[in-house]
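Colleague: Hi! Got a minute to walk me through this one?
Modeller: Sure, let's pull it up.

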Amino acid sequence: MAKKAVNFAKAFQELEAITEWFERDEADLDEGLKKFERGLELAAACKEKLSEVENKVREIKAKYESV
């Protein structure tokens, strides 16, 4: 199954919204558990995207180092 492309900005924005939700004084454990899982999913997707970008930057730098 092909992986869905990550929109980093949207994923990061949703992650921030989840963080803000946890910073409120609401204590809905079931909702919190769902948001916790979603947050970890988003954090992993953002980390993977950042790694891809970092690798691409290295490739571009290596390509032009000899110029």
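Colleague: What caps the N-terminal end of helix 2?
Modeller: Asp 28 does: in this predicted model, one of its side-chain oxygens lies 3.2 Å from the backbone nitrogen of Asp 30.

Colleague: And how many residues does helix 2 have?
Modeller: Helix 2 has 37 residues, and from first C-alpha to last it reaches 53 Å, close to the 54 Å expected at 1.5 Å a residue.

Colleague: Which residues in helix 2 are buried?
Modeller: Gly 32, Gly 39, Leu 42, Ala 45 and Cys 46. The buried residues of helix 2 pack against helix 1.

Colleague: OK, so how do the axes of helix 1 and helix 2 cross?
Modeller: At roughly 145 degrees, with the axes coming within 9 Å. The crossing is left-handed.

Colleague: Which residues in helix 1 meet helix 2?
Modeller: Among them are Phe 8, Phe 12, Leu 15, Ile 18 and Trp 21. On the helix 2 side, the list includes Phe 36, Leu 42 and Lys 49. By class, that contact has 12 nonpolar, two polar and five charged residues.

Colleague: Switching to Lys 49, is that residue buried or exposed?
Modeller: Neither label fits: Lys 49 is partly exposed, because its relative accessible area is 28%, and buried would need under 20% while exposed would need over 50%.

Colleague: What does Lys 49 touch, leaving out residues up to four places away in sequence?
Modeller: Val 6 and Phe 8. Lys 49 and Phe 8 are 41 residues apart in sequence, yet 7.0 Å apart in space, C-alpha to C-alpha.

Notes:
Residues numbered from 1 in each chain as written. Predicted model: local features only at pLDDT ≥ 70, side-chain atom pairs only at ≥ 80, totals over all residues. Heavy atoms only, no water. Axes fitted to C-alpha atoms, helices over the stretch in contact; angles between N-to-C directions. Helix = DSSP H or I, 4+ residues; strand = E, 2+ residues; numbered from the N terminus. Left-handed = near helix turned anticlockwise from the far one by under 90°. Contact = heavy atoms within 4.5 Å. Nonpolar A, V, L, I, M, F, W, Y, C, P; charged D, E, K, R; others polar. Expected span 1.5 Å × (residues − 1). Buried < 20%, exposed > 50% of the residue type's maximum accessible area, 1.4 Å probe, protein only. Polar contact = N/O pair within 3.5 Å; in protein donor to acceptor, adjacent residues only side chain to side chain.
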